[in-house]
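Please walk me through this protein and its ligand. Begin with the overall fold, then go to the site.

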Amino acid sequence: TAPGAQGPRAVLVGTMGAGKTTVGRIVAERLGVAFADSDAIVEERAGKVVQDIFVEDGEAAFRELEREAVAWALAHHDGVLSLGGGAVLDPATRALLAAHPVVFLRVGLADAVKRVGLGTGRPLLLGNVRSRVKQLLDERTPVYEGVARITVETDGRGPAEVAAEIVTAI
Ligand code: S3P
């Protein structure tokens, strides 16, 4: 990491279940810097949780808040920053990310489904989650790869191991 560089020391991207928040907190702790998360910034500004913004105001409203939150954090947060899984879909966000140390946390379908936390007891629900996660992975993986300077594999690995690899790589 270049000393005196502006903006975050690392920006973590990847889909839901990649471990961005868990890993990001550990990386921040190891580096002795603050951790921030675009979802948390949006929630603080909106005064409600992401799920309520989606339901009450719609996804487009959420994406606008998210774009503003990410732009703000890239300019002002100098610790570790995790982005919501869909933040990279915004072209303006992608343009801003080009100047930053973006780390893609790669996860395969099986581990992503496991980590988003539906038990295995309900095949009808789980089948829907699996197909939706698969669709998101298929659509977004090329986008994550396009913005990332570093890709870190998370399948079958714990957050501490993934975090250690990031600390070494950035
Ligand atoms: C989203 C991911 C979520 C959150 C919102 C939308 C997405 O963040 O921003 O529910 O489009 O993938 P996490 O990736 O931190 O779960």
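The paragraphs below go from the whole chain to single residues.

This is a predicted model, in which local features need pLDDT of at least 70, side-chain atom pairs count only at pLDDT 80 or more, and totals for chains, interfaces and linings use all residues. Residues are numbered from 1 along each chain as its sequence is written. The mean pLDDT of the protein is 92, and 95% of its residues reach 70 or more. Here pLDDT is the predictor's confidence in each residue, from 0 to 100. For the complex, the predictor gives an ipTM of 0.97 and a pTM of 0.93.

Start with the fold. The protein has 8 helices and 5 strands. Both are DSSP runs numbered from the N terminus: helices are H or I with at least four residues, strands are E with at least two. Read from the N terminus, the order is β-α-β-α-α-α-β-α-β-α-α-β-α. Along the principal axes, the C-alpha atoms fill a box of roughly 50 × 35 × 25 Å. The radius of gyration is 16 Å, which agrees with the value near 15 Å for a compact globule of 170 residues. That radius is taken over C-alpha atoms, and the globule rule is 2.2 Å times the number of residues to the power 0.38.

How much of the protein counts as buried? Of its 170 residues, 35% do. A residue is buried if 20 or more other C-beta atoms lie within 10 Å of its own, exposed if 12 or fewer, and partly exposed in between, with C-beta atoms placed from the backbone. Contacts also reach along the chain. Among contacts with a separation of 6 or more, 74% come from residues 24 or more positions apart. Two residues are in contact if their C-beta atoms, placed from the backbone, lie within 7 Å.

Now turn to the ligand. Which residues surround the ligand? They are Met 16, Lys 20, Thr 21, Asp 39, Val 50, Gly 84, Gly 85 and Gly 86. A residue is near a molecule if its C-beta atom, placed from the backbone, lies within 6 Å of it. This shell divides into 2 nonpolar, 4 polar and 2 charged residues. Ala, Val, Leu, Ile, Met, Phe, Trp, Tyr, Cys and Pro count as nonpolar, Asp, Glu, Lys and Arg as charged, and the others, Gly among them, as polar.

Look at Lys 20 in the shell. Lys 20 is found in helix α1 (residues 20–31). It is buried because 28 other C-beta atoms lie within 10 Å. Leaving out residues up to four places away in sequence, Lys 20 touches Leu 12, Gly 14, Ser 82 and Leu 105. Thr 21 lies in helix α1 too. It is partly exposed, with 15 other C-beta atoms within 10 Å. With the same sequence neighbours left out, Thr 21 touches Asp 37 and Ser 82.

Asp 39 sits in helix α2 (residues 38–46). Its 21 C-beta neighbours inside 10 Å make it buried. Beyond residues up to four places away in sequence, Asp 39 touches Val 50 and Gly 84, and both of these also belong to the ligand shell. Gly 85 is placed in the loop between β3 (80–82) and α5 (91–97). It counts as partly exposed, with 19 C-beta neighbours inside 10 Å. Its contacts outside four places in sequence are Gly 14, Thr 15 and Met 16.

What does the UniProt record add? An unreviewed entry lists Gly 17, Ala 18, Gly 19, Lys 20, Thr 21, Thr 22, Arg 122 and Arg 157 under "binding site". These positions spread over 141 residues of sequence and up to 26.6 Å in space between C-alpha atoms. The "binding site" annotation from UniProt (unreviewed entry) also covers Asp 39, Arg 63, Gly 85 and Arg 140. UniProt positions are given in the numbering used here, feature names are shortened, and annotations may be inferred rather than shown by experiment. Arg 157 lies in the loop between β5 (150–153) and α8 (159–169). With 17 C-beta neighbours inside 10 Å, Arg 157 is partly exposed.

Two further residues complete the tour. Arg 9 lies in the segment before β1 (10–13) and is buried, with 22 C-beta neighbours inside 10 Å. Pro 91, in helix α5, is exposed, because only 9 C-beta neighbours fall inside 10 Å.
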